[in-house]
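Student: I've got the sequence and the model open side by side. Can we walk through what's worth looking at?

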Amino acid sequence: MESSVLFALILFATTFATVAPAQTIQASENPLPVGSNVTLFSLQGNVTLGTWIFDNNLIVLIVPGKPLITTTSIGRVTFNSTFSSLTIRSVQLEDSGLYTLQGVEFRSQITLSVQVPISNVTLRANATNLVEFNDTAVLTCSVLTGSSLSYVWLNGSDVVTLGAGVQLSDGNATLTMSRVNRNDAGPYRCNVSNGVSHESSLPVYLNISYGPSNITMVIMPIRSTYITGSNITLSCSAESSPPAMIYWMVDRVNLNQFGSHLQLERVTEGESGNYQCVFHNTVTSRFSSKGAMIRIMEPIAAVVVKYTGGPVIVHEPLSLSCEVTGSVDRIQWWRNHQLITADNTTFFDMNNKTLNITHVQLSQDGYYQCQAFNSVSNMTSSPYTVDIYYGPQMPTIKGPNAAKTGDNATFYCIASSNPPGSYTWIFNNSVMANMSHYNYYATPPLTKDMSGKYTCIVFNNITRKNNLQVETPMHPAIEGHFYMLTCNMSGPAENVYWKKNGKPLHEDNTTDYLFNKTIIFNPLKQSDTGLYQCMAVNPLWNMTSPPYMLLVNFGPESPMIDGPAFAEAGHYAVFNCSATSMPTSRFTWWFNGSYAGNSSVFRTGILSLNMSGVITCKAYNDVTGKNVSKSKMFTVIGKNINGNTIPINSENFTLTCDVTGPYDMIYWMKNDMLLNVSEPHMSYANENNTLHFTPVTLYNEGMYQCVATNQAGAQKSPKYILLVNYGPLKMEISGPDSTQGDVSVSLKCSALSRPYCEFHWFFNMSSVALKTGPLITFLSTKENEGTYTCKATNPVTNITMYQTKTFTVAGE
C-alpha cells in the first residue's frame, strides 16, 4: 500500500509542471467564527487524482478508490469523493490560511479566515478634565475577546477626522488629540469589528475647560458722551467653562465690583475713564478683558463774549474772546446772526476761542455772538455790541470865498468821525483862540486885512487822530510784497518828516520817500514792523500824526514736529506741530495722505500694527496765503510678550511669557543675550513664566525674548521692545527775556519725556490757556510784557511740570 501511495505522489509531482493556472475555491462560510464547520469545494467538479493542501501541508491524497486522509486530520476532516469537497469541523484560529486543491490539470486556492467573535469593548481616557490648548487627550479602546480587529472612532455620530493634532496608534486602538479645544468634548465611542462580529463601547465624555474668550461689552444707553446725572449700565459676557469670575476696573484701578453688570448712577465728570470688565477662569488660570472709554461731561453752563482792549478803532486789530463755563469741544462765531468764516483778515485762535480781525472795517460793526458746543449741549452768548471808532476823515469847509468889508462871514467844517471830533480854526497860520472846538467859525465885521486862508483841523479824542494821519490804501501788509504809507493832511506844510518807534526814519535800499508824504517799502521785511508817525512843519506851527502800527505778516516758516518715531501697538502717540508765523498759523495733520486733525496737537487713537506710515503737519497762514508742510516716519511695533500695564519709570511692571503646550523651563534674553538678573541698576524677579521689574527704569529698556524648552527643543518668542515712559524732565523755555519794541518774539518750551509732552502756555498766572503747543509767538508790546508760564504734561505718566519766563520790552 505504501508503495502505491508513493507511486501516486511521484506520478502527481511529475504531472504538476503542466497544471493550468489556479482556479477559485468556494467556502460555505468565510470568514467564520471559531468552532464552526466549513466545507471547501471547487467549481472544477470531481477530482480523481490530486491533493488537498493547507499551507504546504498535505491533508488529503486523492487517488482512485479510497482517498487517503493524513493522520493529523483524521477525525476533523471529511472528504467527499463525488464533489471533491473538503469539510473541516470545529475550526480553530490555527485553521486560518491558504487551502489548495491540486488536480492533474488545474489548481484551485482559497484563503480561509477563522476569527474569534468580539466581546466586552471598553473605552477609557487618560484624563477627562482637560484645559483647552494646554492638555492632550489619550483614548484607549480594548476588547476582552476578538481577533482581526478593525477600529472606527466616532465623536457623536461623526467619524473622527485625523489631522496634525489627531493621531491613531497601537493598530488604531489608541486615539491621541493634542491641545484639545472646546469642540473636542465628545461623546467618543470606538466601534470594533471583524468578519464575524462587531461591538461599540459605551460613550466617554471629556470635560474641557476653556476661556475666557470672545468677550462682548454692551453699554446702555448707547452714547458717545454722557451728560452728568445719567445712569449707565455696562454688561459683559464671555465664553468660558467653568464660568469665569468677573470684576471691574476703571483706568487700571479695581472698583471692587463683581458680576456681569456694572451700574453707574447719577454719574459725574470725575467718573469718566476707561472701564474694563476682567474675566478670570480659575481652572484655566487665564485672564481676558474688554474695555471701553466712557466720557462724561457737564452741559455748558454759560457763554460770554468778552473784549478786554480799548476802543475799537478802524483799521486796527480786534480780538474777541469766548469764555465758556464747562467743557467745550467746538466754538463758532456769529455777527448779526451771520456765521463768521476765516478769510485774509479774519482768523481764529485757540480752538476758535478767540476771534481775531487784523484790520477791522467799518462794515464789521454790529452784534457779535459765540456759540459753544460739547458732546451733550450747546449754548449761544448774549449779543456783544462792537462800536467802531474812526476818523476824523479829511474835512471839507463850506463858506464864502469873498465878502464885503463890514459884513460877517461864517465857515462850516464838515468831517466824518466817531465820536464827533473837536475843531481848531487857523487863519493864515495863526490859531483863532476865540472859536476853538466848534465846527463853525463866524468872523467879526470883516476888514481888508482879514483876507486869507482859513483852515479847520479836526481831532478825535478816542482814535487820537486829526487831519494829519498815516494811512495806507493797501491791506494786509505781507513780507516780501510792495507796501506804502501816506501822510494825509489838511492845511499848509512845507516839510514832512517820518519817525519809526519814536526815532527818525531814513531811506535805505528797500525804503523810499515819494515827495516826503509817502513811504514805499519794496519789498516789506519783518523788521519793518513798528509804530510810524509823520510830522508836518511850516514856519509857524508843526503837527505830529498819531502812531500807526504797521504789522508785517509773514510765514509760516518751516514747521517742526515733536513726536515719537515709533510706539508700541496698544498705546497711543502725541505729536506737536509749531511754526514761526504772524499771525499764528493754523495746522492740519495728515496720515499716509489722509486727513487726520486740525489743531497744533495730534493724538492718535489706540495703535495697531497697520498704523505705521508718514505723519505730515501742514501750517497755514490765512493772511499771507502761504502754507508749508513737514513729514516724519512713524512706526508701530507689535508685541508678542504681554505686558500687564504700561511701563512707567519707577513703577512696577511685569512681562508674561505666553507658552502654548508643555514646557520644562523658561528663561529670558535681553538684546540677544541671556538676561543677567544681577546687572547693576536692575531689579528683576523671575517667577514661572513672568518677569517682574521692581521697579522698571530706563536701564531696563531693550529687546526682550522668552525661551521655553522641553524635550523637543527650545522655542523663542518674537522680540518685545520695552520702552519705558518717563518725564517730563529737564524742562526749559528758550527765547529772549527782552527785545526792542514791536518785533516778533518766539518762546519755545521743551522737556525730556516719553511720550512727548502736551504743552500749554499761560500769561500772567491766568487759569485760561493762551496757546497749545511747544511754541508761542507774539509781538513785543507793552501789553505783552509779563510772565509766560509753560505747563508740560506727560499723558501716560500723568506727571506735570511748570516753567516760567518773564519778558520785558527794552526801553519801556
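Student: Which residues does the UniProt annotation "domain: Ig-like" cover?

Tutor: Keep in mind that we're looking at a predicted model. The UniProt entry is unreviewed, and its annotation "domain: Ig-like" comes from that record. The residues it covers are 117–203, 212–288, 299–387, 392–430, 444–553, 556–635, 643–722 and 728–808.

Student: Take residues 212–288. How far apart are the end C-alpha atoms there?

Tutor: Start with the secondary structure: this stretch is 0% helix and 64% strand. Then check its two ends, where the C-alpha atoms are apart by 6 Å.

Student: And how far apart are the end C-alpha atoms over residues 728–808?

Tutor: Here the chain is 0% helix and 62% strand. For the start of the stretch, look at Pro728, which is found in strand β74 (residues 726–734). The end C-alpha atoms of 728–808 are apart by 28 Å.

Student: What is omega for the cis peptide bond that joins Gly727 and Pro728?

Tutor: Pro728 sits in strand β74, and the bond linking Gly727 to Pro728 is cis. Its omega is about 10 degrees.

Student: Which residue is joined to Pro556 by a cis peptide bond?

Tutor: Find Pro556 in the loop between β56 (548–550) and β57 (560–562). The cis bond there has an omega of about 5 degrees. The partner of Pro556 is Gly555.

Student: On to charges. How many salt bridges are there?

Tutor: One of them is Arg182 with Glu239, at 2.6 Å from N to O. Another is Lys525 with Asp528, at 3.7 Å. Pairs count when the nitrogen is within 4 Å of the carboxyl oxygen, and the count comes to twelve.

Student: How many residues apart in sequence are the parts that Arg182 and Glu239 tie together?

Tutor: The side chains of Arg182 and Glu239 meet in a salt bridge. Arg182 lies in the loop between β18 (174–177) and β19 (188–193), while Glu239 is in strand β23 (residues 232–241), so the pair ties together parts whose separation in sequence is 57 residues.

Student: Which residue is linked with Arg182 and Glu239 in a network of salt bridges?

Tutor: Arg182 is partly exposed at 22% relative accessible area, and Glu239 is partly exposed at 36%. The network links these two with Glu132.

Student: Is Asp528 buried or exposed?

Tutor: Its salt-bridge partner is Lys525, which counts as partly exposed at 28% relative accessibility. Asp528 has a relative accessible area of 5%. Buried means under 20%, so Asp528 is buried.

Student: Where does Arg586 lie, given that it meets Asp622 in a salt bridge?

Tutor: The Asp622–Arg586 bridge is 2.9 Å from N to O. It links distant parts of the chain, 36 residues apart, with Asp622 in the loop between β63 (613–620) and β64 (627–637). Arg586 lies in strand β60 (residues 586–591).

Student: Now empty space. Which strand supplies the largest share of the lining of the largest cavity?

Tutor: There are three cavities of 30 Å³ or more, and the largest holds about 90 Å³ of space. It is lined by 15 residues, with Ala579, Thr584, Lys771, Leu775 and Thr777 nearest its centre. β59 (574–578), β78 (771–772) and β79 (775–779) each supply at least two lining residues. The largest share, three residues, comes from β79.

Student: What is the area of the nonpolar surface patch made by Tyr412, Ile414, Tyr438 and Tyr440?

Tutor: Tyr412 sits in strand β42 (residues 410–414) and counts as partly exposed at 43% relative accessibility. Together with Ile414, Tyr438 and Tyr440, Tyr412 makes a nonpolar patch of about 400 Å².

Student: What is phi of Asp672?

Tutor: Look in the loop between β67 (665–670) and β68 (673–674), where Asp672 is partly exposed at 46% relative accessible area. Asp672 is a residue other than glycine, yet its phi is positive, near 65 degrees.

Student: Last one: what distance separates the C-alpha atoms of Pro395 and Thr455?

Tutor: Pro395 is in the loop between β40 (388–389) and β41 (396–398), and it is buried at 14% relative accessible area. Pro395 and Thr455 are 60 residues apart along the chain, and their C-alpha atoms are separated by 9.9 Å.

Terms used: Residues numbered from 1 in each chain as written. Predicted model: local features only at pLDDT ≥ 70, side-chain atom pairs only at ≥ 80, totals over all residues. Heavy atoms only, no water. UniProt positions renumbered as here; feature names shortened; annotations may be inferred. Helix = DSSP H or I, 4+ residues; strand = E, 2+ residues; numbered from the N terminus. Patch = residues over 30% accessible without salt bridge, like charges linked within 9 Å, V, L, I, M, F, W, Y side chains within 5 Å. Areas by Shrake-Rupley, 256 points an atom, 1.4 Å probe, with all protein chains shown as cover. Buried < 20%, exposed > 50% of the residue type's maximum accessible area, 1.4 Å probe, protein only. 1 Å grid on protein atoms, 1.4 Å probe; cavity = no way out; pocket = protein on both sides within 12 Å on 5 of 7 lines; lining within 4 Å. Points joined across faces, edges and corners; volume = space filled by probe spheres on them.
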